[in-house]
Amino acid sequence: MDHERHSLIEAGLGRAAESLGDITQPVIDLFYARFPEARASFLHHSPGKPESLEAEMVGNALYYVMIWFESPIETRIAFDSSVPHHRFALAVPPDWYRGFIEALLDVVEPAAALVGKERAAWAELRSGLVGLVERNRTA
């Protein structure tokens with residue numbers, strides 16, 4: 001575990017939480033703005049209550065942000081199975097998967113008011129999570 005970078009991410013997340021509160025709707029709004037065709041997929045996979053699936057997906061993405069420096073192996077294992085599963089079983093292209101992570105980070109990072117070493121930790125976090133999607137793009 002990388003305690004220092006993990007602490008830097010937690011500090012930024014704390015500030016973002018104070019500033020934004022629940023990030024679910026801003027993340028979903030940004031994701032759908034970038035990938036409007038994805039809304040139909042959420043409706044298809046969660047008929048009648050897509051907001052439940054949306055909240056679950058935001059929670060999952062946030063979880064991996066929170067544990068990236070604490071447990072990168074767990075994150076790699078999850079992405080190595082999840083990205084191909086989403087692509088083949090759910091018809092969710094890797095671009096949507098990546099886009100969802102980027103939407104979450106694009107909402108949270110500005111509110112995190114990053115300073116000093118935090119910027120580098122967040123850049124490495126983004127690179128790491130996006131890299132896991134990309135390495136599984138054709139898996």
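Angles of 65 to 115 degrees between helix axes count as roughly perpendicular, and in this predicted model the axes of helix α3 (residues 38-45) and helix α4 (residues 50-67) cross at roughly 110 degrees, so α3 and α4 are roughly perpendicular to each other. The briefing below takes up this helix pair and a second one, then the salt bridges, of which the count comes to 12, and then the largest nonpolar core, which has 43 residues. It ends with two individual residues, Thr-75 of helix α5 and Met-57 of helix α4.

**Helix packing**

- Two packed helices are described by the angle between their axes and the distance between the axes.
- The axes of α3 and α4, which cross at roughly 110 degrees, come within 8 Å, and the contact is made by Phe-42, Leu-43 and His-45 on the α3 side and by Pro-50, Leu-53, Glu-54 and Met-57 on the α4 side.
- Sorted by class, the residues in the contact of α3 with α4 are 5 nonpolar, 1 polar and 1 charged.
- Helices α1 and α7 pack with their axes 9 Å apart and at an angle of about 95 degrees, which makes α1 roughly perpendicular to α7.
- On the α1 side this contact is made by Glu-4, Arg-5, Leu-8, Ile-9, Ala-11, Gly-12, Leu-13 and Arg-15, and on the α7 side by Lys-117, Glu-118, Ala-121, Trp-122, Glu-124 and Leu-125.
- The contact of α1 with α7 holds 7 nonpolar, 1 polar and 6 charged residues.

**Salt bridges between helices**

- Side chains of opposite charge can pair when their charged atoms come close.
- Arg-5 and Glu-124, which both belong to the contact of α1 with α7, meet through their side chains in a salt bridge at 2.3 Å, N to O.
- Because Arg-5 lies in helix α1 (residues 3-20) and Glu-124 in helix α7 (residues 117-135), this pair ties together parts that are 119 residues apart in sequence.
- Arg-5 counts as partly exposed at 24% relative accessibility, and Glu-124 likewise counts as partly exposed at 38%.
- A salt bridge also joins the side chains of Asp-106 and Arg-34, at 2.8 Å from N to O; since Asp-106 lies in helix α6 (residues 94-112) and Arg-34 in helix α2 (residues 24-34), the pair ties together parts that are 72 residues apart in sequence.
- Asp-106 is partly exposed, with 29% relative accessibility, and Arg-34 is partly exposed, with a relative accessible area of 39%.
- In the salt bridge of Arg-135 with Asp-80, the closest N and O atoms are 2.5 Å apart; Arg-135 lies in helix α7 and Asp-80 in helix α5 (residues 72-90), so parts that are 55 residues apart in sequence are tied together.
- The relative accessible area is 49% for Arg-135, which is partly exposed, and 30% for Asp-80, which is partly exposed as well.
- Asp-95, Arg-98, Glu-102, Glu-134 and Arg-137 are joined into one network by salt bridges that share partners.

**The largest nonpolar core**

- Among the 43 residues of this core, those that touch the most other members are Phe-31, Val-65, Phe-79, Phe-100, Leu-104, Trp-122 and Leu-125.
- Each of α1, α2, α3, α4, α5, α6 and α7 supplies at least two residues of the core, and α6 gives the most, with 11 residues.
- Trp-122 and Leu-125, named above for the core, also take part in the contact of α1 with α7.
- Leaving aside neighbours within four places in sequence, Phe-100 is in contact with Val-27, Ile-28, Phe-31, Phe-42, Glu-54, Met-57, Val-58 and Ala-61; of these, Phe-42, Glu-54 and Met-57 also belong to the contact of α3 with α4.

**Two residues in detail**

- Thr-75, in helix α5, counts as buried because its relative accessibility is 0%.
- Apart from neighbours within four places in sequence, Thr-75 is in contact with Tyr-64, Ile-67, Trp-68, Leu-129 and Leu-132.
- Met-57, which has its place in helix α4, touches Phe-42, His-86 and Phe-100 when residues up to four places away in sequence are not counted.
- Met-57 and Thr-24 are 33 residues apart in sequence, and in space their C-alpha atoms are 9.0 Å apart.

Notes
Residues are numbered from 1 along each chain as its sequence is written. This is a predicted model: local features need pLDDT of at least 70, side-chain atom pairs count only at pLDDT 80 or more; totals for chains, interfaces and linings use all residues. Side-chain values use heavy atoms; hydrogens and water are left out. Axes are lines fitted to C-alpha atoms, for helices over the stretch in contact, and angles run from 0 to 180 degrees between N-to-C directions. Helices (H or I, at least four residues) and strands (E, at least two) are DSSP runs, numbered from the N terminus. Angles under 35 degrees count as roughly parallel, over 145 as roughly antiparallel, 65 to 115 as roughly perpendicular and the rest as oblique. Contact means heavy atoms within 4.5 Å. Ala, Val, Leu, Ile, Met, Phe, Trp, Tyr, Cys and Pro count as nonpolar, Asp, Glu, Lys and Arg as charged, and the others, Gly among them, as polar. A salt bridge is a side-chain nitrogen of Lys or Arg within 4 Å of a carboxyl oxygen of Asp or Glu. Buried means under 20% relative accessible area, exposed over 50%, partly exposed in between (1.4 Å probe, protein chains only). A nonpolar core is a set of buried Ala, Val, Leu, Ile, Met, Phe, Trp, Tyr and Cys residues joined through side-chain atoms within 4.5 Å.
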